[in-house]
Amino acid sequence: MYRSAQRRSSTPRGRGQRGVSSRNKRLIAVLGTVTVFAGIVAVTQVSSANDQLRTSGECVAPSPGSTAEGGVTTTVTRENGREVRHHWGDGQTTIEECESGNTVVATPTIECPSVEDQLPEIPAAARNEVTRNLQLLQTQIDDANADLVNRAGQGGPNFINNAILGPLASKRVATLDRIAIAIGRVAPRPRNLEELATCQLVNRPGNGGDNNGGNDGGGDNGNNDGGDNGNNDGDNGNNDGGDNGNNDGDNGNNDGGNNGLEILANSCENSNLDDHDGFQIGNRCVDTEMGEVGSAGNNPSLLITEFPQEVNVNEPFTIRVSTRNLIRDRFLPAGQGGYYIESSLLNEQGLTRGHFHTACRLLQSTDVAPDPAPVPEFFVATEDGGGGAQPDQVTIQVSGMPQAGTVQCSVWAGDGSHRVPMSERANQTPAFDSVRIVVN
């Protein structure tokens, strides 16, 4: 029972040089490992927590809850004429995808020209018939997409054209003609609507994997050549040459800097923890510069604008999200070493570049804070190349909840490396929102 969707109206920055102690402990760990494992050349992480050695060529199974239906980790759909990329599990890849080098599975979708936008003002006497036929056009597209799924793997491009796209165009010609006749009875008849009949298949199988201009064939995670995890030259993909890209100079602790405040640390120089390496592992010290922060009026914000009040167990539902001042064009896969590894960046207009996350988890209690460790029942990160200074809308398709109870669905913005974007002032609300939904 899907109840009607509810609408809503309206690490301290470290600029100092990497400390000798931090660099030394890293070199000692690597040298000690190379002594034992002489046959391994490319060492990118040594974990003191479990003595696990990760090499640059290793394929690691994703954590629970990190894939979409069918085990894929990235799906591509079309929405409002725009390619929308959904990253399940923050870019963690299955072993099969990792070994094949194919980390994106594009979902073939039929896209047709918009008809309503091309119509003149519809007279009241024709409105009901025109609306009915516009709805029929959408039904025809939905049916063709369902047929596309059912016929997956059958034939090649010519088969799709002849069996699906051709018949769809014929149906659309007839429906467009009825729309023109309905308007023509009471007003000048619109002409050339038949030119809107032809549809196309986007994400056609065999188009390749250039992933929106990054990763030609799956290399370097779409970033610059060289460096750990496929990012810029130098450790962890920041500035050339320096460890984690920090600038030379004094850390500024207790030397009259820091605005007269006594701070505990602004780098990992004196930390007892191992360096964070871009993978999703805790008890590490992140030494990446925090990066660029915009002005208050340009800081990101978002809001869940539509969601159901109640759903049944395993019933799919949708959530609509509005974002402002977030350019959704930057995503470094966390499962491939892109976590906390890149500084926050602004575009030419001073807006944050990144993406946003959606997660839904069943609450064991509504009286105490939940355990943060378990993976949520649903999670996806969305990068679609949209967003800007003006608010817009993105629809998230949630696959359903596995059991009855109260579910908390949350949405929060992320910069390119998954941190919640910084704000100019301390009293600004971060870019996040959360709602509760009853699962029966």
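## Reading bridges and cores

Author: Let's start with one residue: aspartate 177 has a relative accessible area of 35%, so we call this residue partly exposed. That label sits between buried (under 20% relative accessible area) and exposed (over 50%), using a 1.4 Å probe and protein chains only. By the way, this is a predicted model: local features need pLDDT of at least 70, side-chain atom pairs count only at pLDDT 80 or more, and totals for chains, interfaces and linings use all residues. Residues are numbered from 1 along each chain as its sequence is written, and side-chain values use heavy atoms, with hydrogens and water left out.

Reader: Okay, so which residue forms a salt bridge with aspartate 177?

Author: The general idea first: a side-chain nitrogen of Lys or Arg has to be within 4 Å of a carboxyl oxygen of Asp or Glu. Here the partner is arginine 189, with the closest N and O atoms 2.7 Å apart. Aspartate 177 is in helix H4, while arginine 189 sits in the loop between H4 and S8, 12 residues apart. Helices (H or I, at least four residues) and strands (E, at least two) are DSSP runs, numbered from the N terminus.

Reader: How many salt bridges does the rule give?

Author: The count is 7. Another one pairs arginine 185 with glutamate 129 at 3.1 Å between the closest N and O atoms. These two are 56 residues apart, with glutamate 129 in helix H3 (residues 124-150). Arginine 185 is exposed at 59%, whereas glutamate 129 is partly exposed at 22%.

Reader: And what about glutamate 315: buried or exposed?

Author: Buried, because its relative accessible area is 17%. Glutamate 315 lies in the loop between strand S12 (310-311) and S13. Look for a polar contact (N or O atoms within 3.5 Å; within protein, one able to donate a hydrogen and the other to accept it, and sequence neighbours counting only if both atoms are side-chain atoms). The glutamate 315 side chain reaches the backbone nitrogen of asparagine 312 at 2.7 Å.

Reader: How do I read a nonpolar core, and how many residues has the largest?

Author: Take buried Ala, Val, Leu, Ile, Met, Phe, Trp, Tyr and Cys residues, and join them through side-chain atoms within 4.5 Å. The largest one here has 25 residues, and Phe317, Ile319 and Cys360 have the most contacts inside it. Several strands each supply at least two of its residues, among them S13 (317-324) and S15 (352-363). S18 gives the most to this core, with 4 residues. There's also a second, separate core of 15 residues, including Val115 and Ile122.
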